[in-house]
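Please take a moment with the sequence and the model below before reading on. The paragraphs that follow move from confidence to fold, and then to the core and the contact between chains.

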Amino acid sequence: MSLSDYLQMSFVQNALLVGVLVALCASLLGVTLVLRRFSFIGDGLSHVAFGAMAVAAVAGLTNDMLLVMPVTIGCAILLLAAGTNAKIKGDAAVAMISVGALAIGYLLMNLFPPKGKANISGDVCSTLFGGTSILTLTNLEVWLSIALSVVVVAFFILFYHKIFAVTFDESFAAATGANTRLYNLVIAVIIAVVIVLSMKLVGSLLISALIVFPALSAMRLFKSFRTVSICAACISVICAVTGILCAALLGTPVGSTIVVADIAVFALFSLLGFLRAR
Amino acid sequence: MALLSCQDLSLGYEGKPILEHISFEVNAGDYLCIVGENGSGKSTLMKTILGLIRPMKGRVETGEGLRQNEIGYLPQQTLVQRDFPASVYEIVLSGCQGRQGLRPFYTKADKALAWENIRRMEIEPLAQRCYRELSGGQQQRVLLARALCATRKLLLLDEPVAGLDPRVTTEMYQLIANLNRKDGITVVMISHDLEAALRYATHILHIGARIYCGSVTDYLSSETGAPWLMKGGRKA
């Protein structure tokens, strides 16, 4: 089959649409997360989501979102919004929560294998690496993704200047009257939502790549917050489209293919940045 | 009423006091230097004045129509800022954030104010440059311009010359002195550099085992100041 044949199929169209939206959201948030030294929060929270999914599967919930979403949001608030006051800080807290949730999730799936799913390791593998779940999206999931992405992008545009102020210098922003706690809380909630969404796309292990790579690539070449944000969004969308189409044509796993595209762009931008600096 | 007054403040973290019974006032036009040994609580005091930390006891009050969010603050540089991709203009403009409330975008007046302060700090040629590529002294000018966007009356500076070379340090002190004398902006500054504090400031707040607050001339002959000055090998 040729590329145009693929593009006629509704599941490929759905995958492209959801892929682009999720990649866009992840890259926008990625800029502030990378700059605040929270690159690994994507990884950590996606493991939490994995643990919650395992619990939902064991409990036999048909719609696991009902459990996964609140649990992930809770952990995101714990990590980001508690932030500076917490006893266990930053990277250590992320590592602890992430490993803990992964272990508990896997343990539960082994102890109480969900009915009708004999192949546990296959199940685990596709949750971690995404597998083909983006090609089997239901209509409800597509609409949910669209709605949430619109909310995230709107938030980013409306709060752009506040996000900048809080990211660049939280204590100055707080001292001049910005409600930094509120912004941190909202950012935490949105990150959790984006992560749960993008698990469908690339799987929990590769979510960090969606968050980190576009922002880092953009920072090689661009020097203002505005251009970095715009460039990261463009890179992320282009890589998502390329990755999904390549995966469809070559029969490779969707998530890994998108990430490889992101790595290629990062390498290219690093080279260009290096050449320009000389 | 004074521009800023602290009454019987006690500061500390997690229930352990660092500083107790601090009372002082800052009047419009003053240039107050906060001095004291490392760990004596200078930065904690400044953060309390800004409302970032709640005092364990006592009160911080602003007067003469100064609102809590109208204090310009020059914090110490953080790790995050060293490789932050942002233009000088973006950073200076973010000083107008406090007055923005829930409005999503900056107004023309905000932008004009940002440019005015960029010119005032003589960094206009750098406006579109990237912050991380500037020298230490240029970065401090950018942050000072941002602080000026947040206030017209009171600047709080936390070791503004840390890490700068001697020539740039003198320039920075001169710049701050000009803001104080010509523009009438009240300055409260944390400093390690006692000599400069004595040269430029009008008032000294010495914190530590002994607490002193008063004019520079009285400080030189005070029980708190005199031994400290002698210990440093400086002549009072």
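What pLDDT does chain B average, and what share of the residues score at least 70? In this predicted model, chain B averages a pLDDT of 86, with 96% of the residues scoring at least 70. Within chain B, the highest confidence falls in helix 3 (residues 88-93), at 94, whereas the lowest falls in helix 10 (residues 225-231), at a mean of 68. Where pLDDT is low, the predicted coordinates should not be read in detail. For the complex, the predictor gives an ipTM of 0.87 and a pTM of 0.86.

A good place to begin with the fold is the sheet of chain B. This open sheet is built of 6 strands in the order 5-6-7-3-8-9, and the pairing is mixed. Strand 5 (71-74) and strand 9 (212-215) of chain B stand at the edges with a single partner strand each, so one side of each is left without a neighbour in the sheet. Direction ignored, neighbouring strands of this sheet are turned by 15° against each other on average. Strand 3 (residues 31-35) and strand 8 (residues 203-206) of chain B run parallel and are joined by 4 bridges; Cys33(B) has Ile204(B), in strand 8 of chain B, as its bridge partner.

Helices of chain B pack on this sheet. Helix 6 (residues 136-150) of chain B touches strand 5 and strand 6 (154-158) of chain B, and its direction makes about 165° with that of strand 5 of chain B. Helix 7 (residues 166-181) of chain B, in turn, touches strand 3, strand 6 and strand 7 (186-190) of chain B, its direction making about 150° with that of strand 7 of chain B.

The largest nonpolar core has 162 residues, and those with the most contacts inside it are Ala49(A), Ile191(A), Val194(A), Ile34(B), Val92(B), Leu156(B) and Val187(B). Helix 2 (residues 10-35) of chain A gives the most to this core, with 14 residues. Leu156(B), taken as an example, touches residues including Met46(B), Ile49(B), Ile71(B), Tyr73(B) and Val188(B), when residues up to four places away in sequence are not counted.

Finally, the contact between the chains takes 26 residues from chain A and 24 residues from chain B. On the side of chain A that touches chain B, helix 8 (160-168), helix 9 (170-175) and helix 12 (225-250) of chain A each supply at least two residues. The residues of that side of chain A divide into 15 nonpolar, 5 polar and 6 charged.

Conventions: Residues are numbered from 1 along each chain as its sequence is written. Chains are lettered from A and ligands numbered from 1 in the order in which they are written. This is a predicted model: local features need pLDDT of at least 70, side-chain atom pairs count only at pLDDT 80 or more; totals for chains, interfaces and linings use all residues. A nonpolar core is a set of buried Ala, Val, Leu, Ile, Met, Phe, Trp, Tyr and Cys residues joined through C-beta atoms within 7 Å. A residue is buried if 20 or more other C-beta atoms lie within 10 Å of its own, exposed if 12 or fewer, and partly exposed in between; C-beta atoms are placed from the backbone. Two residues are in contact if their C-beta atoms, placed from the backbone, lie within 7 Å. Ala, Val, Leu, Ile, Met, Phe, Trp, Tyr, Cys and Pro count as nonpolar, Asp, Glu, Lys and Arg as charged, and the others, Gly among them, as polar. pLDDT is the predictor's confidence in each residue, from 0 to 100. Two strands pair if DSSP finds at least two bridges between them. Axes are lines fitted to C-alpha atoms, for helices over the stretch in contact, and angles run from 0 to 180 degrees between N-to-C directions.
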